[in-house]
Amino acid sequence: MAVLASQLKELDLTGCLQIRSSALENISRLPQLEELYLGFCTQLVTDDLHMLQRCPKLKTIDLTYSIPLTHALIDLLLRIDSLEKVIF
């Protein structure tokens, strides 16, 4: 199972209301992750996303109706070097 998870490129958790920082900590250990969908994950806060800086290949993140757009969120997302697309 760990071998399969390490090859995961896309993860869609849209609508998972129980997603919190502990889940994102585990997600940040997926070295091949390119796309992460967290739309409608309403328990998340901006600080939870800092762990995603550890995802070296993350290109797309969907935060639709999850986290309000703030300067702090923009600053955090700009620190994810590989990020190309953010969906709000």
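**Exercise 1. The cysteines**

How far is the sulfur of C16 from the closest cysteine sulfur, and in which residue does that sulfur sit? Work out what this says about a bond, then treat C55 in the way you treated C16.

*Solution.* Keep in mind that you are working with a predicted model.

Step 1: Start at C16. The closest cysteine sulfur belongs to C41, and the gap is 5.6 Å. A disulfide needs the two sulfur atoms within 2.5 Å, so the sulfur of C16 is too far from that of C41 for a bond.

Step 2: Move to C55. Here too the closest cysteine sulfur is in C41, at 15 Å, which is again too far for a bond.

Step 3: Add the surroundings. C16 is partly exposed, with 31% relative accessibility, whereas C55 is buried at 2%.

Step 4: Check against the total. The structure holds 0 disulfides.

**Exercise 2. The nonpolar core**

Find which residues touch the most other members of the largest nonpolar core, and then follow L38 and I19 outwards from there.

*Solution.* A bit of background helps first: in soluble globular proteins, nonpolar side chains tend to be buried together.

Step 1: Take the core as a whole. It has 24 residues, and those touching the most other members are I27, L36, L38, L49 and L52.

Step 2: Ask which helices contribute. Both α2 (21-27) and α3 (71-78) supply at least two residues each. The largest share, 3 residues, is that of α3.

Step 3: Look around L38. Setting aside neighbours within four places in sequence, its contacts are L13, I19, L24, L44, L49, I61, D62, L63 and S66.

Step 4: Pick I19 from that list. I19 sits in the loop between β1 (10-12) and α2, and its 11% relative accessibility makes it buried. With the neighbours within four places left out, I19 is in contact with L13, L38, C41, Q43 and L44.

Step 5: Try a distance from I19. T70 is 51 residues away in sequence, and the two C-alpha atoms are 20 Å apart.

**Exercise 3. Two neighbours, K59 and T60**

Is T60 buried or exposed? Describe its setting, and do the same for K59.

*Solution.*

Step 1: Place the two residues. T60 belongs to strand β3 (residues 60-62), while K59 is in the loop between β2 and β3.

Step 2: Read the accessibilities. T60 is buried because its relative accessible area is 11%, below the 20% limit. K59, at 33%, counts as partly exposed.

Step 3: List the contacts beyond four places in sequence. T60 meets E34, E35, L36, Y37, L83, K85 and I87. For K59 the residues are E34, S82, L83, E84 and K85.

Step 4: Finish with a distance. K59 and I87 are 28 residues apart in sequence, with their C-alpha atoms 11 Å apart in space.

**Exercise 4. Positive phi angles**

Locate F40 and Y65, and give the phi value of each.

*Solution.*

Step 1: Begin with F40. Its phi is positive, about 65°, although F40 is not a glycine.

Step 2: Put F40 in context. It lies in the loop between β2 (35-37) and β3, and with 40% relative accessible area it is partly exposed.

Step 3: Turn to Y65. This residue, also not a glycine, has a positive phi near 55°. Y65 is in the loop between β3 and α3 and is exposed, at 65% relative accessible area.

**Exercise 5. On the surface**

Which residues make the nonpolar surface patch of about 470 Å², and how many salt bridges does a search of the whole structure find?

*Solution.*

Step 1: Name the patch members. They are L69, I74, L78, V86 and F88.

Step 2: Take F88 as an example. It is found in the segment after β4 (85-87), and its relative accessible area of 45% makes it partly exposed.

Step 3: Now the charges. Side chains of opposite charge can pair when their charged atoms come close. The search finds 1 salt bridge.

Step 4: Identify the partners. E25 pairs with R29, and their closest N and O atoms are 3.2 Å apart, within the 4 Å cut-off.

Step 5: Compare how the partners are covered. E25 is partly exposed at 33%, and R29 is exposed at 54%. Nicely done!

How values were computed:
Residues are numbered from 1 along each chain as its sequence is written. This is a predicted model: local features need pLDDT of at least 70, side-chain atom pairs count only at pLDDT 80 or more; totals for chains, interfaces and linings use all residues. Side-chain values use heavy atoms; hydrogens and water are left out. A nonpolar core is a set of buried Ala, Val, Leu, Ile, Met, Phe, Trp, Tyr and Cys residues joined through side-chain atoms within 4.5 Å. Buried means under 20% relative accessible area, exposed over 50%, partly exposed in between (1.4 Å probe, protein chains only). Helices (H or I, at least four residues) and strands (E, at least two) are DSSP runs, numbered from the N terminus. Contact means heavy atoms within 4.5 Å. Patches are made of residues with over 30% relative accessible area and no salt bridge: like charges are joined within 9 Å, nonpolar side chains (Val, Leu, Ile, Met, Phe, Trp, Tyr) within 5 Å. Accessible areas come from the Shrake-Rupley method with a 1.4 Å probe; for residues, only the protein chains shown count as cover. A salt bridge is a side-chain nitrogen of Lys or Arg within 4 Å of a carboxyl oxygen of Asp or Glu.
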